[in-house]
Amino acid sequence: MSFLKSLPPDAGLLQVFQAFPKAARPLLEYHEVLLRGASPFSAAERELIAAYVSGLNNCNYCRAVHSQTAVALGIHVDAISEIFSGSGLEHVAVRMHPVLAFVRKLTLSPGKITAADANEIFAAGWDDRALYDAAAICGLFNLMNRLVNGLGVEAPEAYTKLAAQRLAKKGYAALVDLLLTSQ
């Protein structure tokens with residue numbers, strides 16, 4: 001239930017962004033660059049990171065949207081349940097294991113990150129850009145999770161499925177276009 005008095009109680013994140021387009025536009029443009037631009041990670045892997053961070057933060061809205069987007073982009077559906085249950089990572093690419101461990105620690109204990117954590121990512125064959133992208137995606141979704149939870153944004157499964165399909169097909173640039181049409 002949205003806490004914003006100017007929006008209906010069932011307002012989704014898109015409606016929040018449309019209510020505050022000047023602040024939302026650069027945020028969505030950053031999403032597009034970080035999650036769909038050039039990266040050593042596939043778009044699916046970046047969505048997996050976003051979903052995982054969101055799950056760690058108990059942001060059910062973002063966890064649902066980005067989990068479904070990751071699956072739509074090619075992540076095995078069992079990988080999603082594995083990262084949240086801690087039951088092993090059989091369906092998660094081995095190269096992603098240290099990345100997920102890094103974003104977990106960065107989310108839950110940011111002051112305890114050390115060079116050893118970064119070196120685990122490098123040992124898995126990733127480069128500086130991958131470390132940057134992992135940290136940036138983690139930071140972005142820590143911000144987004146607090147924004148969503150702080151504003152009371154929730155959505156039924158039908159809405160999160162629609163949002164995930166839109167993100168998988170058109171990326172975040174389509175959301176910027178939706179902002180422009182609402183002004």
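## Helix packing around α4

α3 and α4 run roughly antiparallel to each other. That is the starting point for this tour of a predicted model, and the geometry behind it is easy to follow: the two helices pack at an angle of about 155°, and angles over 145 degrees count as roughly antiparallel. Their axes lie 8 Å apart, and α3 passes α4 in a left-handed crossing. On the α3 side, the residues that take part are A44, E47, L48, A50, A51, S54 and G55, and they meet C62, R63, H66, S67, T69 and A70 in α4.

Now turn to the other neighbour, α5. Here α4 packs at an angle of about 145°, with the axes 8 Å apart, and the crossing is right-handed. R63, S67, A70 and V71 of α4 make this contact with V77, I80 and F84 of α5.

What does α4 itself look like? Helix α4 covers residues 60–72, and its buried residues are Y61, C62, A64, V65, H66, S67, T69 and A70. Those buried residues pack against α1 (13–19), α2 (21–36), α3, α5, α8 and α9 (157–170). Just after α4 comes G74, which takes a positive phi of about 125°.

Helix α6 (residues 97–108) makes a useful companion to α4. The buried residues of α6 are P98, V99, L100, F102, V103 and T107. They pack against α3 (43–56), α5 (77–85), α7 (115–123) and α8 (128–150). Both helices have a reach close to the expected one, as the table shows.

| Helix | Residues in helix | Reach, first to last C-alpha | Expected reach |
|---|---|---|---|
| α4 | 13 residues | 18 Å | 18 Å |
| α6 | twelve residues | 17 Å | 16 Å |

Finally, a word on the cysteines. How many disulfides does a search of the whole structure find? The count is zero. Why is C59 not bonded to C62? The sulfur of C59 is 3.5 Å from that of C62, its closest cysteine sulfur, and this is too far for a bond, because a disulfide requires the two sulfur atoms to be within 2.5 Å. For C138 the closest cysteine sulfur is also in C62, but at 13 Å, again too far for a bond. C59 is buried, with a relative accessible area of 1%, and C138 is buried with a relative accessible area of 1% as well. C62, the partner in both of these distances, is one of the buried residues of α4 and one of the residues that meet α3.

Technical notes: Residues are numbered from 1 along each chain as its sequence is written. This is a predicted model: local features need pLDDT of at least 70, side-chain atom pairs count only at pLDDT 80 or more; totals for chains, interfaces and linings use all residues. Side-chain values use heavy atoms; hydrogens and water are left out. Helices (H or I, at least four residues) and strands (E, at least two) are DSSP runs, numbered from the N terminus. The expected span of a helix is 1.5 Å times one less than its number of residues. Buried means under 20% relative accessible area, exposed over 50%, partly exposed in between (1.4 Å probe, protein chains only). Contact means heavy atoms within 4.5 Å. Axes are lines fitted to C-alpha atoms, for helices over the stretch in contact, and angles run from 0 to 180 degrees between N-to-C directions. Angles under 35 degrees count as roughly parallel, over 145 as roughly antiparallel, 65 to 115 as roughly perpendicular and the rest as oblique. A crossing is left-handed if the near helix is turned anticlockwise from the far one by less than a right angle, and right-handed if clockwise.
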